[in-house]
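Here is an informal walk through one complex. Have a look at it first, and then we'll go strand by strand.

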Amino acid sequence: MHKLKYFSESVLAELRANVSRNLERYRASGFGDRTDQNGWAMELSAVEVEPEKLAVLSQSGGSAAEISNSMLVFEAIEGMTPSLATEERVWSRLTHFECLDYTRGRWPIKDDPREKNGLFDGLTGAKEKAHEKRKKVLHQNITQIEKHYFARGRTGYRDDNSVARLWWNAYIAKRIDPQDQEGVLIELLRTADIRSNLVERPMLSNRADLMRGIIRTMRNHPDIYGAEITFRDFMKAVNIRGGGVLFEALSTQETDGILLKCRDDALRKGEKASQAA
Amino acid sequence: MKVDLNSHFPHPVLSDSNDDFRSGRFDLSITEVRESTAGDVEIDYAFSQTLPEIRELLESGAASLGAFIRCQDTFYSELRPADGKSGTWRFDRGTLFGRVEVKPMIWLKQQLDSWNAESLNLEYGSAISMRKSEIIGLANDTWFNIGQEKLKKFESIFELVRTDEIPEGQLKLDLQSDVIRILAPFEIFKSIELMRGSSHGKPLLLSAVYLPVVMEVLENLRGEQNSGYESKPWYRVFASKCEHFGIDIERAPLLESAQRLLGSPVGKLGKSFKELTENA
């Protein structure tokens, strides 16, 4: 175990300002030569990390990989708290060093298209087209890096930063059911759409009693996620039927009763839509 | 919880925003929010509820009062019942950060059949039935902020300041600012800046400048003289670091404590000197 490192404010600002200048580093050479410099490796005294676990993160984007990666990141960082997990400097340091290979593999940076400088290229307009393409690729690469290597704001650390999002998946799953963190993750991360409907709605995802109910309903009635639209309709029904309900004061059976009605609403809506078609 | 004072309910709710009850008030005041140096948060609260019929429900256990406490940054949300009219809610280290919203409410813990409340608005008739978990009291939302001091690096609470007001060859300390200011005349200031820019210079700098500075800060925090510094922004970071290392500010040996706080820079002097002479 090592002390978890983080960037100083000025290093983070420097990296943010120099994404395009550092493209080659993001693609291949990395930032290893900077680690001894001031502000690149500040240590958190109370949080430790097991780099071996971070080194085996799967670069595949499938649901199974997301689940095991989330568990690995959560287990690899000991002493992390939710308040610290909102800190961009911690996650950016991980994506630029310990998890650079994972982030590169998971969200690859495109190669620059070759420049066209021949006389014929100039005459046919190929030179201009190639220039436009280079600009487009550069823009895509910068956006990709800003999104997955940094962690600005709530969306940045919860949904976008390549490592932070994994930790938050596991943390939210643990809050929902500490006894069955991995089981909850399986439901939360079934599809990107389900994650987006459950995790990216803080009014919902932070209400453990209601989320436990939704997970139970998903397990007992898999038909609610049989089609993307059915799950969305189910969530709409939860919004309508559960808007003013204090689930925290209800029993498990009472919560399940309300959610079952939401499931019926969604299935009925689906049936009506298919009849109309 | 999509409920606020503008929400409409099909049953009576004691609240400032409606006249479902002809008398009675429900309020919450957060009297103090404390953050310990270890990061735990304590919130002192005091509820006031003046309607006798609801008081009876609370006393009989048919209803509960408390608050929905929500922190969007840390995805925390919990319905916290109150233990009596006033008390303290405690939160573990790191659970809350940034804006924390508190939504005070009274809710039913059981079904209420033919409830008869004298102060009920006549529109509701003489008796009313309500389901378990219905909200029957809402007070104004309130909120507070929780800071994040632990990420501040120890060195970030120190600031080197160039001054012409002290003689060359000497350093002075100023503890009255938001940071601990190390005052240095021009030549020393320049040398320190040079050392800062070199990886070999850091242990030299920590041993020759910061070590005595930290000892003096510790000395200043001892006894009654520390009272003036508790409100300074640097104090929390400094005290937090001491607590982390188990350093008793009042009694711990100064030199030993300063070395621990700075990560034993003296031990790195030999290596640093060797590298400096080899690169000279």
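Which residue in β5(B) does B:D44 stand opposite? B:D44 faces B:T88, in a complex that is a predicted model: local features need pLDDT of at least 70, side-chain atom pairs count only at pLDDT 80 or more, and totals for chains, interfaces and linings use all residues. A word on bookkeeping: residues are numbered from 1 along each chain as its sequence is written, chains are lettered from A and ligands numbered from 1 in the order in which they are written, and side-chain values use heavy atoms, with hydrogens and water left out.

**Chain B as a whole**

The predictor gives the complex an ipTM of 0.84, along with a pTM of 0.75. For chain B the mean pLDDT (the predictor's confidence in each residue, from 0 to 100) is 85, and 91% of its residues reach 70 or more. Chain B has 6 helices and 13 strands; helices (H or I, at least four residues) and strands (E, at least two) are DSSP runs, numbered from the N terminus. Its C-alpha trace spans about 95 × 35 × 30 Å along the principal axes. The radius of gyration of chain B is 29 Å, whereas a compact globule of 280 residues would come out near 19 Å. That radius is taken over C-alpha atoms, and the globule rule is 2.2 Å times the number of residues to the power 0.38.

**Two open sheets in chain B**

Back to the strands around B:D44. The order in this open sheet of 3 strands is β1-β2-β5 (chain B), with antiparallel pairing. Two strands pair if DSSP finds at least two bridges between them. β1 (26-35) and β5 (86-91) of chain B are at the edges with a single partner strand each, so one side of each has no neighbour in the sheet. From one strand to the next, the twist averages 25 degrees.

The other open sheet also has 3 strands, but here the order is β11-β13-β12 (chain B) and the pairing is mixed. At its edges stand β11 (158-162) and β12 (172-174) of chain B; each has a single partner strand, so one side of each is left without a neighbour in the sheet. Neighbouring strands here are turned by 30 degrees against each other on average, direction ignored. Within the β12(B)-β13(B) pair, B:L173 has B:I182 as its bridge partner.

Two helices lie across this sheet. Helix α2 (residues 186-196) of chain B covers β11 and β13 of chain B, at about 135 degrees to β11(B). Helix α3 (residues 201-220) of chain B lies across β11, β12 and β13 of chain B, at about 130 degrees to β13(B). Axes are lines fitted to C-alpha atoms, for helices over the stretch in contact, and angles run from 0 to 180 degrees between N-to-C directions.

**Strand pairs side by side**

| Pair | Bridges | Sense |
|---|---|---|
| β1(A) and β2(A) (residues 42-49) | 4 bridges | antiparallel |
| β2(A) and β3(A) (residues 77-78) | 2 bridges | antiparallel |
| β2(B) (residues 41-49) and β5(B) | 6 bridges | antiparallel |
| β12(B) and β13(B) (residues 180-184) | 3 bridges | antiparallel |

**Over to chain A**

A:K5 lies in strand β1 (residues 2-6) of chain A and stands opposite A:E43 in β2(A). Beyond its neighbours within four places in sequence, A:K5 is in contact (heavy atoms within 4.5 Å) with A:A41, A:M42, A:E43, A:V90 and A:R93. A:V137, by contrast, is 132 residues from A:K5 in sequence and 32 Å away in space, C-alpha to C-alpha. Further along β2(A), A:V49 stands opposite A:I77 in β3(A).

Chain A also offers a helix pair. The axes of α10 (residues 164-176) and α11 (residues 181-188) of chain A come within 8 Å and cross at roughly 115 degrees. A:N169, A:A170, A:Y171, A:I172, A:A173, A:K174 and A:I176 in α10(A) meet A:Q181, A:V184, A:L185 and A:L188 in α11(A).
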